[in-house]
Every structure is written in structure tokens, then in C-alpha cells.
Amino acid sequence: MADAAYQYDEASSAISQAEALKEVKWTYKDYKDWEFDPRNRVELIHGIVYAMAAPNTPHQSISSVIHGEFYSFLKGKTCKPFPAPYDVRLFYKEDESDDTVVQPDVIIVCDPQKLGKEGCRGAPDLVIEILSPSNSATEMNRKKNLYLKAGVSEFWIIDPEIQQVEINILENERYMPYIFHAGDVIKSFIFPEFELPANVLFSPEMV
């Protein structure tokens, strides 16, 4: 389907390509064959393509710290952290007809059976998204609903601008939010022994 539908111009931006691709409902089978510039990223949500702007410096600094902290904490354990770009097929289907592929900033997967060569097959146990000027509240609300539907147990939203971490815990088929600010100690609920001072994320050097 993807081969016949569009011929890509190498000089085109991810945004213009994504806008063109919105004309059709796509699947992972299509997505895996697209040839975007490696510097550009897109996500596929319910068959619709969304372009992703390049993250800024505070975003990348926080992402590096979060991944590093979880990597050290989980070293030698079954659960594994993965930083973006890393494809997550939230509603995995073996025939590749699933229509949602996202690239959260950091994920943690505890079930080795979900780790395919191409990425994560199914819902991660923990997902972390970091806000940037290009991330709208509408986009993040869409992501929250998506992760809730997929059954992600713990979902973090990190906002460098207001120095806040919102941790959403899946309880009775809905998310219960817990808020942490600079000066607090961030605690994971599915990893009770994991603690991280929020100031590590929001120090002047980071933002």
C-alpha cells in the first residue's frame, strides 16, 4: 500500500510529508516502509500520521538524566529502559495491521516477550514524556488517553517550564495523578525503591 501511494522527495520536511500522509489511514505495515530523513520523526496514532519536532536542549538533558537514572537502577534486572527514538506498537498485531506507533522519550519494559527487533510490542510498564514548546496540551492529552487505553501502568509527564513532574498511576481503569515539584523527591509507584530528587532534573544547568 505504501509503495504505490506516495513517492517521497528526499528534500521534503517531515511535517509536509506527514500532512500529505494524513489523507489515508495507515498501519504499521505501511509505517515500517516509509523513508523519511533520519533527522525527522513521525508517530502513527489510530492510522493518522503526526510529525514530531526536534527536541530542544532542556528536553534532551532531562531525557538523558532520566534514562541514565533508570538504567543504573534497573541494571541486572528483568525490566529494561529504552530512550527515544524507539518504536512502541501499543496495540501490537502479528500481521502488522496495528495502526499506532509512538516514540515516547523514555519507556521501561518488564516483559521480555514484548521486545521485538523493531521495538516494543505492546504497552510498556512505564512511559515518560517530556514537554517542549512544540508539545501542545492537546497532544499530551491525546497521549494520556492513548496510554490509558493501552494499559500503561505508570505515565510521567515532565514539564521543564514549570518544573513539575506529573505521575499518573493506572487504578480502576483510570489515571490517578500525583504531582512533584522542584525540591521534592520523585518516587515511582511500580518501582517503590526508585527515588530521584526533582532538583536533579530542574537545575539551572539542565534548563
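Which residues make a nonpolar surface patch of about 230 Å²? Tyr178, Phe189 and Ile190 do. The views below come from a predicted model.

**View 1. Tyr178, Phe189 and Ile190 form a nonpolar patch on the surface.** The patch covers about 230 Å². Tyr178 belongs to strand S11. Its relative accessible area is 30%, and Tyr178 is partly exposed. Strand S11 spans residues 174-181 and is an edge strand of a sheet. View 2 shows that sheet.

**View 2. Six strands build an open sheet with mixed pairing.** The strand order is S3-S5-S8-S9-S10-S11. Strand S3 (80-83) and strand S11 (174-181) are the edge strands, and each pairs on one side only. On average, neighbouring strands of the sheet are turned by 15 degrees against each other, direction ignored. Strands of a sheet pair through backbone hydrogen bonds, either parallel or antiparallel.

**View 3. Strands S8 and S9 run parallel, and helix H5 packs on the sheet.** S8 takes in residues 126-130 and S9 residues 154-159. Five bridges connect the two strands. Leu126 stands opposite Glu154 in S9. Helix H5 (residues 137-150) touches S8, S9, strand S10 (164-171) and S11. The direction of H5 makes about 165 degrees with that of S9.

**View 4. Glu166 and Lys144 form a salt bridge between strand S10 and helix H5.** The closest N and O atoms are 2.9 Å apart. Glu166 lies in strand S10 and Lys144 in helix H5, so the pair ties together parts 22 residues apart in sequence. Are the two partners buried or partly exposed? Glu166 is buried, because its relative accessible area of 15% is under the 20% cut-off. Lys144 has 22% relative accessibility and counts as partly exposed.

**View 5. Glu118 and Arg121 pair within a salt-bridge network.** Their closest N and O atoms are 2.8 Å apart. Glu118 is partly exposed at 23% relative accessibility. Arg121 is partly exposed too, with a relative accessible area of 30%. Salt bridges that share partners join Arg89, Asp98, Glu118 and Arg121 into one network. Side chains of opposite charge can pair when their charged atoms come close.

**View 6. The salt bridge of Lys32 and Glu96 links distant parts of the chain.** The closest N and O atoms of this pair are 2.8 Å apart. Where do the two residues sit? Lys32 is in the loop between helix H3 (28-31) and strand S1 (41-45). Glu96 is in the loop between strand S4 (88-89) and strand S5 (106-109). The partners are 64 residues apart. Lys32 is partly exposed, with a relative accessible area of 41%.

**View 7. The whole protein has six helices and 13 strands.** The protein has 207 residues, and buried residues make up 45% of them. Among contacts with a separation of 6 or more, 54% join residues 24 or more positions apart. How many salt bridges does a search of the whole structure find? The search finds eight. The protein exposes about 10900 Å², and carbon and sulfur atoms supply 49% of that area.

How values were computed. Residues are numbered from 1 along each chain as its sequence is written. This is a predicted model: local features need pLDDT of at least 70, side-chain atom pairs count only at pLDDT 80 or more; totals for chains, interfaces and linings use all residues. Side-chain values use heavy atoms; hydrogens and water are left out. Two strands pair if DSSP finds at least two bridges between them. Helices (H or I, at least four residues) and strands (E, at least two) are DSSP runs, numbered from the N terminus. Axes are lines fitted to C-alpha atoms, for helices over the stretch in contact, and angles run from 0 to 180 degrees between N-to-C directions. Contact means heavy atoms within 4.5 Å. A salt bridge is a side-chain nitrogen of Lys or Arg within 4 Å of a carboxyl oxygen of Asp or Glu. Buried means under 20% relative accessible area, exposed over 50%, partly exposed in between (1.4 Å probe, protein chains only). Patches are made of residues with over 30% relative accessible area and no salt bridge: like charges are joined within 9 Å, nonpolar side chains (Val, Leu, Ile, Met, Phe, Trp, Tyr) within 5 Å. Accessible areas come from the Shrake-Rupley method with a 1.4 Å probe; for residues, only the protein chains shown count as cover.
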